[in-house]
Each structure stands twice: as C-alpha cells, then as structure tokens.
Amino acid sequence: MSLTAKEKMQRYRARLKEDEVKSDLIKQKDRDRKFLKRTTMTGDEQNLEHEKNLERVEKHLKKFKAVKGGCIPRKRIPGQVQVENLIAFKLPQILGKAKQKVMGSLPATPRKRTAVIAALAIKGCGTSY
C-alpha cells in the first residue's frame with residue numbers, strides 16, 4: 001500500500017531530524033530565502049506586510065485576553081490560588097516584586113492581613129464588599 005502525502009512528510013521530517021548537518025543546511029537556506037525576500041520588497045509591500053502582521057498580533061492578543069484575562073467566576077476552593085489571575089504578569093519575577101511591595105504595606109496581624117487581601121480580591125473581580 002502506498003503512503004499518503006502526510007505519512008511521506010512525517011517520514012521525511014523524522015529523517016531530517018536525525019541528520020543534523022542536513023537539517024542545519026535546510027534551515028540556513030530558508031533563512032537566506034526569507035532575508036532575500038525582505039530585502040527586495042518595495043515600500044508598499046513592506047507596509048502591507050507590516051499591517052498584516054499588526055492585524056495578526058491584535059487578533060491573537062484579543063483571543064488570549066478573552067480566554068485568560070480578567071476575573072473568571074469559578075467555584076472557589078479554599079487555599080488554592082486561581083491560576084488565571086497570575087497570567088496577568090509576564091514574568092514570575094515581576095509577580096514576586098509586586099507581592100513584596102504589597103506584603104510590606106499590609107498590616108502585621110494575620111487576621112487583618114487576610115481581611116484586606118480578601119476585600120481587594122473581591123473588589124478586583126467587580127463585586128462590592
């Protein structure tokens with residue numbers, strides 16, 4: 001039985017991954033081809049490509065924000081951190097720095113600290129306290 005185009009391409013890519021020299025050569029040729037294409041583009045073509053890229057990025061960001069942004073009402077499990085809200089920070093270091101700043105300005109008593117954090121969390125999701 002003959003192979004389908006999909007199976008042939010899968011085999012080709014598997015062989016290509018095994019041979020690093022050939023793989024690097026193909027990647028280099030692709031980089032050169034794309035570089036040549038970019039350098040020979042006219043101003044109008046560059047502007048059109050730039051606008052298309054901006055549209056793609058904007059569409060992706062809208063989809064990403066719709067799925068992962070904001071406060072999503074869910075059943076809360078005590079003691080579990082809601083992961084969706086941690087995505088607001090691009091890097092864990094930035095989240096840590098923000099937590100350090102907040103912790104420094106919170107009350108010293110654990111009961112008061114918990115009350116303030118709970119009130120802020122409720123307010124952040126759009127409900128009143």
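This is a short walk through the structure, one selection at a time.

**Start with the whole chain**

Keep in mind as you click around that this is a predicted model. Show the cartoon for everything first. You should find 6 helices and 0 strands. Followed along the sequence, the pattern reads α-α-α-α-α-α. Now switch on the surface: of the 129 residues, 5% count as buried.

**Select residues 5–18**

This stretch is helix α1. How far apart are its end C-alpha atoms? They sit 20 Å apart, and because each residue adds 1.5 Å, the 14 residues should span 20 Å, so the two values agree. Helix α1 is hardly covered, with a count of 1 buried residue among its 14.

**Select Glu18, Asp19, Glu20 and Asp24**

Colour these four by charge. Together they form a patch of negative charge on the surface. Pick out Glu20 from the group: this residue belongs to helix α2, which runs over residues 20–39. Is Glu20 buried or exposed? Glu20 is exposed, because its relative accessibility is 59% and the cut-off for exposed is over 50%.

**Select Met9, Tyr12 and Ile26**

Next comes a patch of another kind. Met9, Tyr12 and Ile26 make a nonpolar surface patch of about 230 Å². Ile26 is part of helix α2. With a relative accessible area of 32%, Ile26 is partly exposed.

**Select Asp30, Arg33 and Lys34**

Show these side chains as sticks. The structure holds 2 salt bridges, and here is where to look for them.

Begin with Arg33 and Asp30. Their side chains meet in a salt bridge, at 2.5 Å from N to O. Both residues lie in helix α2, 3 residues apart, which is about one turn of the helix. Arg33 counts as exposed at 51% relative accessibility, while Asp30 counts as partly exposed at 30%.

Now move to Lys34. Which residue does the side chain of Lys34 meet in a salt bridge? The partner is Asp30, with 3.4 Å from N to O. Asp30 and Lys34 are about one helical turn from each other, because they are 4 residues apart in helix α2. An α-helix has 3.6 residues a turn, so residues three or four places apart point the same way. Lys34 is partly exposed, with a relative accessible area of 41%.

Put the two salt bridges side by side and you'll see that they share a partner: Asp30, Arg33 and Lys34 are joined into one network.

**Select residues 92–105**

The last stop is helix α5. Try the ruler tool on the C-alpha atoms at its two ends: they are 20 Å apart. What span should its 14 residues have? At 1.5 Å a residue the answer is 20 Å, so the model agrees with the expected value. Now check how much cover α5 has. It is hardly covered, as the count of buried residues among its 14 is 1.

**Back to the full view**

Zoom out and keep your selections coloured. You can still pick out the negative patch of Glu18, Asp19, Glu20 and Asp24, the nonpolar patch of Met9, Tyr12 and Ile26, and the salt-bridge network of Asp30, Arg33 and Lys34.

Notes:
Residues are numbered from 1 along each chain as its sequence is written. This is a predicted model: local features need pLDDT of at least 70, side-chain atom pairs count only at pLDDT 80 or more; totals for chains, interfaces and linings use all residues. Side-chain values use heavy atoms; hydrogens and water are left out. Patches are made of residues with over 30% relative accessible area and no salt bridge: like charges are joined within 9 Å, nonpolar side chains (Val, Leu, Ile, Met, Phe, Trp, Tyr) within 5 Å. Accessible areas come from the Shrake-Rupley method with a 1.4 Å probe; for residues, only the protein chains shown count as cover. Lys and Arg count as positive and Asp and Glu as negative; His and the chain ends are not counted. The place of a charge is taken as NZ of Lys, CZ of Arg, CG of Asp or CD of Glu. Buried means under 20% relative accessible area, exposed over 50%, partly exposed in between (1.4 Å probe, protein chains only). The expected span of a helix is 1.5 Å times one less than its number of residues.
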